[in-house]
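Here's a quick tour for anyone about to set up calculations on this protein. Have a look at the sequence and the structure first, then read on.

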Amino acid sequence: METTFVREVSVNYKGSVKIGDTLREPGQVADAFRSIMPDNSREHFMALYLNGSHQTIAYSIVSTGTATAAPAHPREVYQPAVLIGATAVLIGHNHPSGTVEPSSEDFRVTQALKSAGDLLGIRLLDHVVVTDLGHYSFMSHGKL
């Protein structure tokens, strides 16, 4: 039996997240997430942790899911933030389908994470959905 793959399972992005980087624009955030994403065959939910000057102090791949979903619970997103003393967080995930539009679940998760961050005093600055060619910023669209 022979197996033929019709889609490459790995995407290599240029660049990387550097500790101390200040990310000011959603496009910069999208590029940062692309640089830490292991591949684009499944959804990956990621977080960038920032200090009081909004400089990157750490990042995490919070979860790796399936081709259409990656679970994200406030506990897994904010536990590292509390441990390292982050004052703000940027979250993001990829859509392997190539569609940048967020799903209803993406909106639900964003609001749950914003509420949890508000309770902890750790500001959720943005949620960015990334694809190979584009991105969607909840903050830029007034959804955060």
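## Fold at a glance

Going along the sequence, the elements follow an α-β-β-α-β-α-β-β pattern. That comes to three helices and five strands. Keep in mind that this is a predicted model. Of the protein's 144 residues, 44% count as buried.

## Two nonpolar cores

In soluble globular proteins, nonpolar side chains tend to end up buried together. Here, the largest nonpolar core has 18 residues, and the members that touch the most others are Phe-45, Tyr-49, Val-77, Tyr-78, Val-89, Ile-91 and Leu-113. Who contributes to this core? At least two residues each come from strand S1 (44–50), strand S2 (56–64), helix H2 (74–84), strand S3 (88–94) and H3.

There's also a second core, separate from that one, with 16 residues. Its members include Ala-32, Ile-36, Met-46 and Leu-90.

## The largest pocket

If you're thinking about pockets, start with the largest, which has a volume of about 220 Å³. Its lining takes in 17 residues, and those nearest the centre are Glu-43, Ala-69, Ala-70, Glu-105 and Asp-106. Which element gives the largest share of that lining? Helix H3 (residues 104–120) does, with four residues.

As for chemistry, the lining of the largest pocket splits into seven nonpolar, five polar and five charged residues.

## The second pocket

The second largest pocket has a volume of about 190 Å³. It is lined by 14 residues, with Leu-23, Arg-24, Leu-90, Leu-125 and Met-139 closest to its centre. Leu-90 turned up earlier too, as one of the residues in the second core.

Helix H1 (26–36) and strand S4 (123–130) each put at least two residues into the lining of the second largest pocket. The largest share, three residues, comes from S4. By type, the lining of this second pocket divides into seven nonpolar, three polar and four charged residues.

## Salt bridges

How many salt bridges does a search of the whole structure find? It finds four. In one of them, Arg-108 pairs with Glu-105, with the closest N and O atoms 2.7 Å apart. Both residues sit in helix H3, three residues apart, which is about one turn of the helix. Arg-108 has 48% relative accessibility, so it counts as partly exposed. Glu-105, at 40%, is partly exposed too. Glu-105 is also among the residues nearest the centre of the largest pocket.

Further along helix H3, Lys-114 and Asp-118 are four residues apart, so about one helical turn separates them. They form a salt bridge as well, and here the closest N and O atoms are 2.9 Å apart. Lys-114 has a relative accessible area of 26%, which makes it partly exposed, and Asp-118 counts as partly exposed at 46%. Another bridge joins Arg-75 to Glu-76, with a closest N to O distance of 3.1 Å. Glu-76 is partly exposed, at 35% relative accessibility.

## Aromatic contacts

The structure holds two aromatic pairs. Are the rings of Tyr-136 and Phe-138 stacked or edge-to-face? Their centres lie 5.4 Å apart and their planes meet at 85 degrees, so this pair is edge-to-face: the angle is over the 60-degree cut-off.

Both of these residues are buried. Tyr-136 has a relative accessible area of 5%, and Phe-138 comes in at 0%, so each falls under the 20% limit for buried residues. Add Phe-107 and you have one aromatic cluster, made up of Phe-107, Tyr-136 and Phe-138.

## A contact across the sequence

One last stop is Ser-115, which is in helix H3. How exposed is Ser-115? It counts as partly exposed, with a relative accessibility of 46%. Ser-115 and Pro-74 are 41 residues apart in sequence, and their C-alpha atoms are 9.1 Å apart in space.

Terms used:
Residues numbered from 1 in each chain as written. Predicted model: local features only at pLDDT ≥ 70, side-chain atom pairs only at ≥ 80, totals over all residues. Heavy atoms only, no water. 1 Å grid on protein atoms, 1.4 Å probe; cavity = no way out; pocket = protein on both sides within 12 Å on 5 of 7 lines; lining within 4 Å. Points joined across faces, edges and corners; volume = space filled by probe spheres on them. Nonpolar A, V, L, I, M, F, W, Y, C, P; charged D, E, K, R; others polar. Core = buried A, V, L, I, M, F, W, Y, C linked by side-chain atoms within 4.5 Å. Buried < 20%, exposed > 50% of the residue type's maximum accessible area, 1.4 Å probe, protein only. Salt bridge = Lys/Arg side-chain N within 4 Å of Asp/Glu carboxyl O. Phe/Tyr/Trp six-rings, centres within 6.5 Å; stacked < 30°, edge-to-face > 60°.
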